[in-house]
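Here are a few exercises on salt bridges and a chain contact. Grab your viewer and try each one before reading the solution.

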Amino acid sequence: MVAVKLIPHILSWAGIVLVLLRGFPGRRSVVTLTSISGFVIGVVGTFTLFRSFPGTVVFGIVTSALGVVFLLIWGISVASIYRSTGRGVTFLWVERLVNTSLCAGMVAAIAGVVAGAVGICRLPVTDKTVLGLSLLVPASGAVAYAVAYATLAIEKRLPKSFAVSPYGMPTAVAALLLFSSSSILRLDLFSPLSMKVMKFAHDFVHQFMESMLIPDHVFIQSYLWRYIGLLFGKEIGFWGGLFIWFTPALLVLLAGQFERLPPVAHIRQGAQRRKILAAAIRERRFRLVIPLISLLFFVAAAYQSRFPSVEYWDPKPIVVTATSSGEIIIPKKGEVDLEDGKLHKFLFNRGGKDARFFVLMGPAGQLTVDLDACAICKPDGYGQADGTVICYYCKTLIPLETVGKPGGCNPVPITFAEKDDGVHIDALTLINEWGNTVQSTSKIKEGGK
Amino acid sequence: MVESIIETNGLTRSYGDICALKPLDLQVPEGEWLSVMGHSGSGKSTLMNLVGGLDRPTAGSLRVGGEDLLALSEDGLARFRREFVGIIFQQHHMVPYLTAVENVMLAQYFHSVPDEAEARSALERVGLGHRLKNRPGELSGGEQQRVCIARAIINSPKLLLGDEPTGNLDHKSTVMVMELLKELRAEERFTVIMVTHNQDVAAWGDRTIYLDDGVLVREERMKS
Amino acid sequence: MLFRIIKNSFLKRPKAVLLVFLSIAMGAAVATAFLGIAGEISHKMALELRSYGANILLEPSAAQGGGFLREDDLPKIKTVFWKYNITGFTPYLFGVADISAGGKKERGVISGTWFAKQLEVPGEDSSVQGIKGIAPWWDVQGRWPEDADEAIVGATMAKRLGVVAGKELDATVGGRTRRFHVVGVVTTGGYEEEQLFAPLITVQSLLQRQGKVSRVLVSALTVPMDDFGKKDPASMTKEEYEKWYCTAYVTSVAKNVEEVMAGSRAKPIWQIASAEGSLLKKLNSVMLFLTVLALVSSATAVSTSLMASMSERSPEIALMKAVGADRLQISAIFVGETLIISIAGGVVGYLLGNQLAGIISRTVFNSTIASPLWLFPTAIISAFVVAIAGSVVPLRRALLIEPVRVLKG
């Protein structure tokens, strides 16, 4: 199942490699190799980060990397439009740099690192042992190798007219990266962008217009209020976000359209002159294909961010043991942060009997410990969605506020003590409680879905 | 030795049982003005259509300008027509809703990109500078034919084909059109193949071939 | 150049263009009108279903001879098995009163209810129950009532009586008159706009029905009905019944609530509407069928008129081919022509269709409709579809034209 989730990310990366191969013609081997190594470094590096830092930090790092990529294509797109209007600014050294294999390798490596980092963020990192790491390196290496060489084979078969302009290439890379990341809620860039825009609009109105916001002000007639109202609306963030989101790709498209045609005035024969022009126009149209496709990916990313597919948060149970005094102690900020408002599942075994339970901090800020089963259904367990938990067996949604209270299809609460060093649960009570509950309801003993 | 622009070998075209063109071997050297004469149904128009890439032979080989026309696809033939050939028909075929200059631009558009200034000067060259914005209905027969000439040469073809271009014109217009063609040929150096049944018109060429019932019966070289 | 060709071709042959334009516009208009009406009816039905508002209605059971429910039973709703899935409930007590304000007078429904009542149930957390919670779409101009003599008025009634927030009105039932202070006017999009809403306790005393309630609306988090949920509980095996009872289908929650309210009968609200729902489904498929039929016939009309103009234009196409146009270039001209006509036809068809939908819904369904936003793209797309479907055959014909035959002699 995990592999299926990864498919869009791997395909996005394959797209990136394809675009890079075309964007740096004649540097196939450099691009392929650096892409593969970049991807592996991204996967393994992010995995290592997850081992040593809490998730928020790692997600923060990856999100910032994506943000930087987005800002970069903003710069590139502005540069592209500036150049195409024929201003006499040419950065010769930049152009020379773009044509080196160093540059090709750098771009491929960076794109690979970010793509790999995004991909690994999709996997629930539960196995943090060195063994997992040593498995991950060959696995990601093999996947990257296979994908990159398959892409190379495809690229060799593509028609020559499918060309990638130096501006279309970074746009496509960014579009694919953002598309890849938009399906992971915590890496999503579009929603925070909309939020920032909304906040900015509100701050702007507050700080700059406060003096004028007195009713019957000379400059602000009553009809103007309707437009000012727009700035406060919920929609401003969305539309403003869309504007910022799509502008780079649109600018690159526009720049392509503005690109100047070769000088033909010196050719005397009309037919020949027109043929050169027609060929140039055709080529220019082909170069628009990549920015157009990128634009579609930007649309897809914004759509995914706006309408995220609901996935139940369902972590793998962590195995816990009891102390000699028969207590299970789970530290509040240990392996997992118990107080992050998410469902955390644990598995306890004694005498061949398993008991599954979870710890959850409710919206009221109260920790609760419950069996991963209710008093009536088969113990299929619970998953967490927005504001509720769902019983996998009967698909009933239970509001988070009521988790910890007995009755209905609610999870069976367990008494526990909250102390400084964590949550203390009596192992015997837990096992008995589970036994009593499950005996009457269970024929199958299988957790999660 | 001038290279042949057209080379046919056993070129045949039949429609069902009727053989419009019996196996024909023909060489046309580059730059020649060839007149093709014969009665109606003698196969002269068939020959011209085959050479112009408007029709496909049923047998034999046909090379025009080094290109094997039998090997070309339908779109390949279209490309061959727009880049290599200019055609003038007997009935002055213009697109009825387009003006004279737009009719010329149409050929430019199919060829590459339209260029109005160039189309205008082409029309001025055939003496129609004052009728640029007129539609076919407002032009006389001779004027229409001159528009067709301007359109035929606008893409600098190597080969100009005329299928009785003066067939519907009076004597005065005929002379005018032929003079124009001669002038243009002197400048642009294209090869001309002109189908006609008029001895006087044929006499404008370097060489005349006579077809009868799809067979080449006689060949005559002009001395000018 | 392409546009120049198309423009001149249009100017020269206005009749043929008009014919194609009319066929496309008619198709788009019919599609717009039918789909608009179908969509609007579904929308209204969906509002009735109140999918995210209350979904269970508790009424006195018929067996008990009409009568009332007891207000004292209400807190028990918070103690049932599915208590955590019940997100809110509101009791109503209805009565007819003479309502007068500012000299105007009329008979109307007075409805006693909870707006946002703090409910304390022993052994459970206190909660706030009332309309505010279960009908979040109610749009109140003004504020919700807080005191016993404050009330809100439905928008329609308020308009007739000329009442706005801040005014007073009198309600008289059987000689007893009570003065209410109007604190808000409410728009709901439903029959509630014809009513006067006041706190339950006040209305009970006005109607002399202390402690009584005529109905309760309950809003519950439920599982969508599937085939299993629709089974009759009576015919289930024990195991099935257990699963059914422990699954939060609206029916099982309703049954659960019914058990604690003495003399009540609980109906899932979708049940009330389901008969209409299936009728609606049929109506919608008829509409869809008619739309497709209309589009097919207008595509046929487009095809026929294009065919006719194609044979008229074959010399022109042959000439273009002779000059060197390939198939793509020929198609671009003719498809371009039809697409441009279809955009114009789509826009005009949309405008016409909107009017048509308005007329139909006024005369046939006796209701006004607000045209939804998605109709415009639908109209344009259906015009495109008609144009493209209609031009496939003529275009094939055009591409098969042999210049040699047409241009001969």
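The exercises below work through a predicted model, from single pairs up to an interface.

**Exercise 1. Work out whether the salt bridge between Asp372(A) and Lys345(A) is buried or exposed, and where its two partners sit in the chain.**

Step 1: Check the distance. The closest N and O atoms of Asp372(A) and Lys345(A) are 3.0 Å apart, and the cut-off for a salt bridge is 4 Å.

Step 2: Place the partners. Asp372(A) belongs to strand S5 (residues 367–374) of chain A, Lys345(A) to strand S3 (residues 344–350), so the pair links distant parts of the chain, 27 residues apart.

Step 3: Look at accessibility. Buried means under 20% relative accessible area. Asp372(A) has 0%, so Asp372(A) is buried; Lys345(A), at 3%, counts as buried too.

**Exercise 2. Take two salt bridges in chain B, Arg79(B) with Glu83(B) and Arg125(B) with Glu188(B), and find how far apart the partners are along the chain.**

Step 1: Start with Arg79(B) and Glu83(B), whose side chains meet at 3.4 Å, N to O. Both are in helix H2 (residues 74–84) of chain B; because they are four residues apart there, about one helical turn separates them.

Step 2: Check their surroundings. Arg79(B) is partly exposed at 29% relative accessibility, and Glu83(B) is partly exposed at 23%.

Step 3: Now the other pair. Arg125(B) and Glu188(B) come to 2.9 Å, N to O. This one links distant parts of the chain, from helix H4 (residues 116–125) to helix H6 (residues 171–188) of chain B, with the two positions 63 residues apart in numbering. Arg125(B) is partly exposed at 36%, as is Glu188(B) at 29%.

**Exercise 3. Describe how chain C meets chain B: how many residues take part, how much area is buried, and which elements of chain C contribute?**

Step 1: Count residues. Chain C brings 25 and chain B brings 29 to the contact.

Step 2: Get the area. About 2,700 Å² is buried between the two chains, with carbon and sulfur atoms giving 61%.

Step 3: Go polar. There are four salt bridges between chain C and chain B, and 11 residue pairs in polar contact. One salt bridge joins Asp75(B) to Arg327(C), at 3.4 Å.

Step 4: Map chain C's side. Helices H1 (2–12), H10 (314–323), H11 (327–363) and H13 (403–407) of chain C each give two or more residues. That side divides into 13 nonpolar, five polar and seven charged residues.

Technical notes. Residues are numbered from 1 along each chain as its sequence is written. Chains are lettered from A and ligands numbered from 1 in the order in which they are written. This is a predicted model: local features need pLDDT of at least 70, side-chain atom pairs count only at pLDDT 80 or more; totals for chains, interfaces and linings use all residues. Side-chain values use heavy atoms; hydrogens and water are left out. Buried means under 20% relative accessible area, exposed over 50%, partly exposed in between (1.4 Å probe, protein chains only). Contact means heavy atoms within 4.5 Å. Buried area is the accessible area (1.4 Å probe) that two parts lose on being put together, summed over both. A polar contact is a pair of N or O atoms within 3.5 Å; within protein, one must be able to donate a hydrogen and the other to accept it, and residues adjacent in sequence count only if both atoms are side-chain atoms. Ala, Val, Leu, Ile, Met, Phe, Trp, Tyr, Cys and Pro count as nonpolar, Asp, Glu, Lys and Arg as charged, and the others, Gly among them, as polar.
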